[in-house]
Amino acid sequence: MAALRAAKQAMRREIKKRVAALDDQEKLRQSRVISQKLFKHPKYASCERIAVFLSMHDEVRTEEIIQDLFKHGKTCFMPKYLTQGTSNHMDMVKLTSMEDMMSLPLTSWNIRQPTANDNTREEALETGGLDLILMPGLGFDRNGNRLGRGKGFYDTYLERCMKHPKGKPYTIALAFREQLCQDIPVGDNDVLIDEVLYDVLD
């Protein structure tokens, strides 16, 4: 267990270094390519209830995706992270518009999310579940293994999804090329993702 944790930490440092070397223009260019790939994806076209992360500076930009979700009348959910002591919890709560998103306060991670006492929003698993989750992460391999930030938010949430009548949603990770690795070290609690979208070099 300690060896796995050390291997993950070393890989996190390496990937963070690679992503940090990208300038904003290149991040935006890759993000646009990935967004266009997603818009043509049959799963994206057929899914109605979609959860998407609000991107941090070292993640694929998702603003264009969120705009597209609203444009096509899909139901958009976003993460609401709750950290209390050593326990980490995440819900996927409904976002109603771009204006709604822009009105949310910024967290210490510099991402927008509803406040802890905002309990008025629909939570996906309390209603119709989810069809698709667009996944963030630090690193990915082509077998669907994902390296998160070590908090376990998404792995735990996907386990909760499996208990919902709708079952586990399809999962697509959005990644910069620099986040792809040969092999991601994983443990028993790491949930495989279905697919990774990234900009392929010609």
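**Figure 1. Helix 2 and helix 4 are roughly parallel to each other.** In this predicted model, helix 2 covers residues 24-39 and helix 4 covers residues 63-71. The two helices pack at an angle of about 30°, and their axes are 9 Å apart. Because angles under 35 degrees count as roughly parallel, the pair is described in that way. The crossing of helix 2 past helix 4 is right-handed.

**Figure 2. Residues of helix 2 meet residues of helix 4.** Helix 2 contributes Arg32, Ser35, Gln36, Leu38 and Phe39 to this contact. Their partners in helix 4 are Glu64, Ile65 and Asp68. Sorted by class, the contact of helix 2 with helix 4 comprises three nonpolar, two polar and three charged residues.

**Figure 3. Ser35 is a buried residue of helix 2.** Ser35 has a relative accessibility of 1% and therefore counts as buried, since buried means under 20%. When residues up to four places away in sequence are not counted, Ser35 touches Arg61, Glu64 and Ile65. Of these partners, Glu64 and Ile65 also appear in the list of helix 4 residues that meet helix 2.

**Figure 4. Cys76 and Cys161 are in no disulfide.** A search of the whole structure returns zero disulfides. For Cys76, the nearest cysteine sulfur belongs to Cys47 and is 13 Å away. Cys76 counts as buried because its relative accessibility is 0%. For Cys161, the nearest cysteine sulfur is likewise that of Cys47, 13 Å away. Cys161 counts as buried at a relative accessibility of 1%. For a disulfide, the two sulfur atoms would have to lie within 2.5 Å.

**Figure 5. Lys166 is a partly exposed loop residue.** Lys166 is placed in the loop between helix 6 (153-162) and strand 7 (170-174). Its relative accessibility is 40%, so Lys166 counts as partly exposed. Leaving aside neighbours within four places in sequence, Lys166 is in contact with Arg49, Gly128, Gly129, Leu130 and Asp131. One of these partners, Asp131, is 35 residues from Lys166 in sequence. In space, the C-alpha atoms of Lys166 and Asp131 are 8.3 Å apart.

Key
Residues are numbered from 1 along each chain as its sequence is written. This is a predicted model: local features need pLDDT of at least 70, side-chain atom pairs count only at pLDDT 80 or more; totals for chains, interfaces and linings use all residues. Side-chain values use heavy atoms; hydrogens and water are left out. Buried means under 20% relative accessible area, exposed over 50%, partly exposed in between (1.4 Å probe, protein chains only). Axes are lines fitted to C-alpha atoms, for helices over the stretch in contact, and angles run from 0 to 180 degrees between N-to-C directions. Angles under 35 degrees count as roughly parallel, over 145 as roughly antiparallel, 65 to 115 as roughly perpendicular and the rest as oblique. A crossing is left-handed if the near helix is turned anticlockwise from the far one by less than a right angle, and right-handed if clockwise. Contact means heavy atoms within 4.5 Å. Ala, Val, Leu, Ile, Met, Phe, Trp, Tyr, Cys and Pro count as nonpolar, Asp, Glu, Lys and Arg as charged, and the others, Gly among them, as polar.
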